[in-house]
Each structure stands twice: as structure tokens, then as C-alpha cells.
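Hi everyone, thanks for coming. I'd like to walk you through a structure that may be new to you, so please have a look at it with me.

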Amino acid sequence: MPSTAAGLRLSIAGLRKLAVALLVTLPLTPAAAAPAPSEAYRELASAAMAESRLPSLSVAVAVGGSVAHAEAYGLVDVENAVPATPETVYRIGSISKTLTAVATLRLAARGELDLDAPVTDYCAAFPAKEHPITARQLLGHLGGIRHYDYSRLREEFLSTTRYASLAEAIGVFANDPLVAEPGTTYRYSSFGYVLLGCAIEGAVGDPYGEVVRREVLEPAQMSRTVLDVPEQLVPHRAHGYGTADDGSWSNAYFVDLSDKYSAGGWLSTPGDLVRFGRALLEGKLLAPEWLARMWETQQTASGEPTGYGLGWDLGEEACAVYHGGSSVGGSAYLYLEPATQTVVAFATNLELWGDPRHELAVRLTELAAGESACDAP
């Protein structure tokens, strides 16, 4: 992903000095249920901010049924020196896929959507291909749908077009040939999840956002999680940044995420993401058998495991489930360790690519639970 060299050009040293000063001097109040922040969390967060040059970092951690830590650091608006708080709302990018996956499986559990039926049964706007594609294949990135074409950056990843529905949004890729026969090859595809969102709408007859609100957000008590609609007022919305060519922060490009709501279009807080993870571990969203199906690695037609479940990364250790998200002006990470009953979430208002988020999640787990079921890579 190229850097977005636009807008504000400020000195990294000056901005980092201001962020560190705020971290030291401002009494950043944790979420109500959280205990007083520990110096160990602060040191870990400070190191992560320095390493990745983050304007802000918001962290939430829960072990079992209790919140172990919730605090935010740095600036959500650099130009106006506005400090981050645990209520700050960030773009979460592809963590949106986990919300879409859970909503899909809840519909499947009630018989409202067949995971193995052709997706065209539910999304009439998608033309029939030479091979049928199923919702299960889309959930596991086995559907043969292409990902973004970064040579068409402005038209796709940085789209400013407003789409009235996901059925309309699939027009961006609907007529393109498949990149692989469905089921044969793992190829990460955000467009595949846009198609899945269209299938959700067709299965129940309601807009995608309403389905996720009803199926996921309300049962998990995620009151601060909303679709990213630019003109709507969202309390505590973070200002997003990119990295300019000279390494300084720059204002993020304006984008309209209506072309990718079900793949990367949600706003949330780490606190809400932790509530989501806890609701999964506590069986409030899916019965154990459906949770096991979601967190089981998918396989190609030749029997090769992909390391990805239905909407979740599983990794090689099979000791945790997680998903990262990177969007224009924001990045986030959600990490669950069932063995230690630990949920970690963090977010920032800078678009990150290839950063060490997984290692930070493991270190936060070790701080919260006293151990980790996984070793950081």
C-alpha cells in the first residue's frame, strides 16, 4: 500500500514529543470497569507508539469476565492537541469481517442462510460464474473473488463513491473473472466479503448494517460500534492520519467506505471489541458447535489447511484467534486466547501496514493473564 502523502506535514520529533508529554501529564481516565492503569501497560504502549510512530493508541484487555485494563494514549487530533480516551472511536478495517462472519453464522444456525448454497441464491445482483460460489467459501477466502487492484487505488481502496447498497457496490468487481476455481486456493479478498454482505441482505431482506446491529452489536452490548458514514456525527470519532513521503504524519485521504461495509467499514472502540470477544467466549453469540466451526481452519479442495477459519485468522499455533484491520486513517487488532480466556483489542488513528501488531497482542495477554498460550513470533 503506497503512503498517502497529502495534507499536514509536521515534524515527527515534534509530534512525538507532544504525544509523550500528554501521556505523562494528562490523567487519561480508564473505562469505568477497569482498575488503575499499571506502569507495565504504559511502558508497553509507549514502546509500541514510538516503534510505529503512532499519533494515538487505545488499548483494552479482559481476562475472564473482568476488564483488566482500558486506557488511551496520545492524540486523536494532532492539529488541535486533542487527547485520546477509551471512548475514542476508530476505523477498524478488516476486523469488520469478524462481525460479518458472526452475523452470517447466526443466520445459518437458524436456517435463514445456507452456507453451502450458491451465493447467487441470495445476491441476485451477482452474475453466475463458471463455478458456483458459496457463503462458506467466501467466509474462508476460498471463493475465487479478487482483492483490491492497487493499480486502481483511487477507484477501489480510496473510493469516494457513495453506494446505496452492497448489491450496488458489487458492481466494482461482479463482472470480473474469478482468480481461481472456488474451493481450490486461499486468496484473501475483501471483495469476497462485500459479496457476502449482499448475500446477508438478500437472505433476510434487511440492510446489512441493520442485520449486524441486531445479530451482533446488541447482544454483545457494543454501543459505540457504527458503520462509517462520513456525514453522520459520531461522538469521539478519531481524526485519521497517514504517513507522508518524508515520514511525517499527513491527514488521511477522504474515503467513502460504503463500497466495503461488510469487509472493512465499521468504526469501534477497543472496549467494544473486547465486549465482542467476551460475548463469543461466553456463548452469547454462537453455540459451542458453531463457535468451533468458525474457529476451525478451512481446507482447500486438495486438503491443504489455510490457517484461516470462517472470518478469523488462526495461525500455525492454533492457540489463538485474531484479526487485524487497516483502513485509510486507522488500524486495529483483535486477539482472543480461549485457553486463558483473554481478549485484547487496540486501535490507532494511523494506517499501518506490516506492523508488529500480533506481537503486541501477545505481550498484552502476558501482562493481563500472567502467561500466554502462544509465543510471540
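**Outside, inside and the spaces between**

Let's begin with the overall picture: of the 377 residues in this protein, 56% are buried. Do keep in mind that this is a predicted model. Along the chain you'll find 11 helices and 11 strands. How do the contacts spread over the sequence? If we take those between residues at least 6 apart, 70% of them join residues at least 24 apart. As for the surface, about 14700 Å² is exposed, with carbon and sulfur atoms supplying 51% of that area.

Now to the empty spaces. The largest pocket holds about 340 Å³. Which residues lie nearest its centre? They are Arg91, Arg237, Ala238, His239 and Gly240, out of 18 residues that line this pocket. That lining has 10 nonpolar residues, five polar ones and three charged ones.

There are enclosed spaces as well: two cavities reach 30 Å³ or more. The largest cavity has a volume of about 40 Å³. Its lining includes Leu138, His141, Arg187 and Ser189, and by class it has three nonpolar, five polar and one charged residues.

The second largest cavity comes to about 30 Å³. Around it you can pick out Arg146, Phe173, Asp176, Pro177 and Leu178, among others. Here the classes divide into four nonpolar, one polar and two charged.

One last thing to look for on your screens: Gly144 and Ile145 appear in the lining of the largest cavity, and Gly144 and Ile145 also line the second largest cavity.

Note on methods
Residues are numbered from 1 along each chain as its sequence is written. This is a predicted model: local features need pLDDT of at least 70, side-chain atom pairs count only at pLDDT 80 or more; totals for chains, interfaces and linings use all residues. Side-chain values use heavy atoms; hydrogens and water are left out. On a 1 Å grid over the protein atoms alone, a cavity is a set of points where a 1.4 Å probe fits but cannot get out, and a pocket is an open set with protein on both sides within 12 Å along at least five of seven lines; lining residues have an atom within 4 Å of a point. Grid points are joined across faces, edges and corners, and a volume is the space filled by probe spheres set on the points. Ala, Val, Leu, Ile, Met, Phe, Trp, Tyr, Cys and Pro count as nonpolar, Asp, Glu, Lys and Arg as charged, and the others, Gly among them, as polar. Helices (H or I, at least four residues) and strands (E, at least two) are DSSP runs, numbered from the N terminus. Buried means under 20% relative accessible area, exposed over 50%, partly exposed in between (1.4 Å probe, protein chains only). Contact means heavy atoms within 4.5 Å. Accessible areas come from the Shrake-Rupley method with a 1.4 Å probe; for residues, only the protein chains shown count as cover.
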